[in-house]
Amino acid sequence: MPVTLQTVLLLTASNVFMTFAWYAHLKNLSDKPWIVAALVSWGIALFEYLFQVPANRIGYTALSLPQLKILQEVITLSVFVPFAIFYMRAELKWDFLWAALCLVGAVYFMFRGTQ
């Protein structure tokens, strides 16, 4: 499997856990003390790191650090928007599209001239 594909898949898995660790407590643990939410989130974040660390180590063999960062941000938005809409029931807004277009521009500038 190509290095970039491995990196994307691992970062996507990492971001699913990251998004739940950061935001799901707002829906599921809002009636609990913040320390409970923090500890549960910390437990979820362990799985984020179990995917993120190997993703970055593998990705860094073929991508530069800035390219890894931009890739991470694109994946973060790609995971966050469906999470916000379908799990948290946030309203779909045009701002999601505009943010995505800004990231497309960032990807262009980070990856132009490679390969």
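Which residue takes a positive phi just after helix 3? I will come back to that in a moment, after a word on the model.

What we have here is a predicted model, in which local features need pLDDT of at least 70 and side-chain atom pairs count only at pLDDT 80 or more, while totals for chains, interfaces and linings use all residues. Residues are numbered from 1 along each chain as its sequence is written, and side-chain values use heavy atoms, with hydrogens and water left out.

Now to helix 3, where helices are DSSP runs of H or I with at least four residues, numbered from the N terminus. Helix 3 has 23 residues and spans 32 Å from first C-alpha to last, close to the 33 Å expected at 1.5 Å a residue, that expectation being 1.5 Å times one less than the number of residues. Just after helix 3 comes the answer to my opening question, R89, with a positive phi of about 60 degrees.

Turning to the interior, the largest nonpolar core (buried Ala, Val, Leu, Ile, Met, Phe, Trp, Tyr and Cys residues joined through side-chain atoms within 4.5 Å) consists of seven residues, namely L11, A55, L63, L68, L71, I75 and V79. Helix 3, residues 65-87, gives the most to this core, with four residues. Buried here means under 20% relative accessible area, exposed over 50%, and partly exposed in between, with a 1.4 Å probe and protein chains only.

Finally, E73 and K69 form a salt bridge at 2.7 Å, N to O, the criterion being a side-chain nitrogen of Lys or Arg within 4 Å of a carboxyl oxygen of Asp or Glu. Both belong to helix 3, and because they are four residues apart, about one helical turn separates them. E73 is partly exposed at 30% relative accessible area, and K69 is partly exposed at 47%.

Terms used. Helices (H or I, at least four residues) and strands (E, at least two) are DSSP runs, numbered from the N terminus.
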